[in-house]
Amino acid sequence: MQEVGKETYKEYLARVITKEIGEVVNQKMEETKKELLAIQYNLTLQQTEEILKNYKKLKEHIELSDIDKKTMIGEIKECYDKDIENLMSEVFANNELYLEGLLKNRYKTIIFLKFIDNILDKYLKEKKDDKIEIRKKKILKDLYMQGKKQAEFIYNNYEVERTFYMDREKLIKDLAPYFFGIRGLNI
């Protein structure tokens, strides 16, 4: 018979192997967690860059011309003049639902751009006289907000092309937390 306080060789091996397997699993879990956070951070940076690249296009998309404004005002007045039954039958027609969907997308874009405009305005108004900060703000204003061509911008503003790419990367990293909150931080 075996004593209560002593473990057999098999029990000892099982305990040691189980402990080591647990440590390896925990280590791999931590590594995987870090990898996932890095992937998420890189995706956030890519999304920030996409927002900046498409900023000018989105601004142009939501701007209404005077003709569009008059047309919308006329349509709204026409809707008020109709009785409820006719209005409801038109609202639920296929074409109306499609147009309503387009209008909703336009309003979502407007809301999104107001949010982005607020962030960009605050960023541009920050009082930093650092050369790098001045260059980053110039990239933001000229390249992304005004839509200037990148090659021309680099040619006119940078002696070394690599400096532009470093400044742009810093700008994107600066703006990511404003756009995406904690996801935009490399933690």
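Colleague: What makes the meeting of the Lys 136 and Glu 133 side chains a salt bridge?

Modeller: Their gap is 2.7 Å, N to O. A salt bridge needs a side-chain nitrogen of Lys or Arg within 4 Å of a carboxyl oxygen of Asp or Glu, so this pair qualifies. Mind you, this is a predicted model, where local features need pLDDT of at least 70, side-chain atom pairs count only at pLDDT 80 or more, and totals for chains, interfaces and linings use all residues. Residues are numbered from 1 along each chain as its sequence is written, and side-chain values use heavy atoms, leaving out hydrogens and water.

Colleague: Why are Lys 136 and Glu 133 about one helical turn apart?

Modeller: They sit 3 residues apart in helix α5 (residues 131-145), which means about one turn between them. An α-helix has 3.6 residues a turn, so residues three or four places apart point the same way. By the way, Lys 136 and Glu 133 are both buried (under 20% relative accessible area, with exposed being over 50% and partly exposed in between, using a 1.4 Å probe and protein chains only).

Colleague: How many salt bridges does the structure hold?

Modeller: There are 13. One of them joins Lys 28 and Glu 31 at 3.6 Å, N to O, and these two are 3 residues apart in helix α1. Another pairs Lys 173 with Glu 169, with their closest N and O atoms 3.2 Å apart. That pair is 4 residues apart in helix α7 (residues 161-180), so again about one helical turn. There's also a network of salt bridges linking Glu 49, Lys 53 and Arg 168.

Colleague: Are Lys 28 and Glu 31 called exposed, partly exposed or buried?

Modeller: Partly exposed: Lys 28 has 46% relative accessibility, and Glu 31 has 32%. Lys 173, at 37%, gets that label too.

Colleague: Why is Met 29 called exposed, then?

Modeller: Its relative accessibility is 55%, so Met 29 passes the cut-off for exposed. Met 29 is found in helix α1, which runs over residues 9-62. It also belongs to a nonpolar surface patch of about 700 Å², along with Tyr 9, Tyr 12, Leu 13, Ile 17, Ile 21 and Val 25. Patch members have over 30% relative accessible area and no salt bridge; like charges are joined within 9 Å, and nonpolar side chains (Val, Leu, Ile, Met, Phe, Trp, Tyr) within 5 Å.

Colleague: What makes α1 a helix, and how many helices are there in the protein chain?

Modeller: Helices are DSSP runs of H or I with at least four residues, while strands are E runs of at least two, numbered from the N terminus. The protein chain has 7 helices and 0 strands.

Colleague: How do you know that the length of α1 agrees with what's expected?

Modeller: The expected span is 1.5 Å times one less than the number of residues. For the 54 residues of α1 that gives 80 Å, and the end C-alpha atoms are 75 Å apart, which agrees. In α7, 20 residues reach 29 Å, close to the expected 28 Å.

Colleague: Where does α1 bend?

Modeller: At Tyr 55, by about 50°. The bend is the angle between axes fitted to the seven residues ending there and the seven starting there. Tyr 55 is also among the buried residues of α1.

Colleague: Why is Leu 45 called buried?

Modeller: Its relative accessible area is 13%, so Leu 45 falls below the buried cut-off. Leu 45 lies in α1. Setting aside neighbours within four places in sequence, Leu 45 is in contact (heavy atoms within 4.5 Å) with Ile 172, Lys 173 and Ala 176.

Colleague: How far apart in space are the C-alpha atoms of Leu 45 and Leu 175?

Modeller: They're 8.8 Å apart, even with their positions 130 residues apart along the chain. Leu 175 is one of the buried residues of α7, as are Ile 172 and Ala 176.

Colleague: And what makes Lys 108 exposed?

Modeller: Lys 108 has 56% relative accessibility, so exposed is the right word. This residue is in helix α4 (residues 94-125).

Notes: Accessible areas come from the Shrake-Rupley method with a 1.4 Å probe; for residues, only the protein chains shown count as cover.
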